[in-house]
Amino acid sequence: MKSLKQYERIRTALEAERQIECVLYLTSGMEVLVHLVHEFQSVRKRLAFAGAATFERHLLDTVVTGRDGTTARFWDVLQ
């Protein structure tokens with residue numbers, strides 16, 4: 001996990017981004033996911049979270065978690 005200052009920089013960068021509508025945040029493990037959802041709750045950009053190993057296996061069919069805790073296939077999130 002990153003420091004609070006590092007997460008603040010990531011939040012600032014996400015908010016400043018104007019060309020990308022959706023960001024997939026890949027984690028080393030799913031145990032970090034709940035923490036990340038909380039850290040990025042205030043970001044207005046569309047965010048999805050998934051484990052890197054799962055994404056490597058399933059790509060667009062990966063089940064991702066949104067900031068609100070809902071899950072969906074990544075492909076559906078991009079639509």
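A residue is called buried when its relative accessible area is under 20%. This cut-off is a handy starting point for reading the predicted model shown above. Gly-51 has a relative accessibility of 7%, so Gly-51 counts as buried. Across the whole protein, 34% of the 79 residues are buried.

It helps to step back and look at the overall fold. The protein contains four helices and four strands, and from the N terminus on these elements follow the order α-β-α-β-α-β-β-α. The radius of gyration is 12 Å, close to the 12 Å that the globule rule gives for 79 residues, so the protein is as compact as a globular protein of that length. The C-alpha trace spans about 30 × 30 × 20 Å along its principal axes. Contacts also link parts of the chain that lie far along the sequence from each other: among contacts with a separation of 6 or more, 49% are between residues 24 or more positions apart.

The surface can be described in a similar way. The accessible surface of the protein comes to about 5,300 Å², and carbon and sulfur atoms account for 55% of this area. As for charge, there are 11 positive and 10 negative side chains. The centres of these two sets lie 6 Å apart.

With that picture in mind, the surroundings of Gly-51 can be followed step by step. Gly-51 belongs to strand S2, which covers residues 46-51. Leaving aside residues up to four places away in sequence, Gly-51 touches Leu-26, Thr-27 and Met-30. Ser-28 offers a further example of how the fold brings parts of the chain together: Gly-51 and Ser-28 are 23 residues apart in sequence, while their C-alpha atoms are 5.9 Å apart in space.

Strand S2 also leads into the pairing of the strands. S2 pairs with strand S3 (residues 63-66) in the antiparallel sense, over two bridges, and here Phe-49 stands opposite Thr-65 in S3. S3 in turn runs antiparallel to strand S4 (residues 71-73), with three bridges joining them. Thr-65 appears again in this second pairing, where Thr-65 stands opposite Thr-71 in S4. Thr-65 therefore links the two descriptions, with Phe-49 opposite in one pairing and Thr-71 opposite in the other. In a regular strand, side chains alternate between the two faces of the sheet.

Finally, S3 and S4 form a hairpin, with four residues between the two strands. In the turn of this hairpin, Gly-69 has a positive phi of about 90°.

Key:
Residues are numbered from 1 along each chain as its sequence is written. This is a predicted model: local features need pLDDT of at least 70, side-chain atom pairs count only at pLDDT 80 or more; totals for chains, interfaces and linings use all residues. Side-chain values use heavy atoms; hydrogens and water are left out. The radius of gyration is taken over C-alpha atoms; the globule rule is 2.2 Å times the number of residues to the power 0.38. Buried means under 20% relative accessible area, exposed over 50%, partly exposed in between (1.4 Å probe, protein chains only). Contact means heavy atoms within 4.5 Å. Accessible areas come from the Shrake-Rupley method with a 1.4 Å probe; for residues, only the protein chains shown count as cover. Lys and Arg count as positive and Asp and Glu as negative; His and the chain ends are not counted. The place of a charge is taken as NZ of Lys, CZ of Arg, CG of Asp or CD of Glu. Two strands pair if DSSP finds at least two bridges between them.
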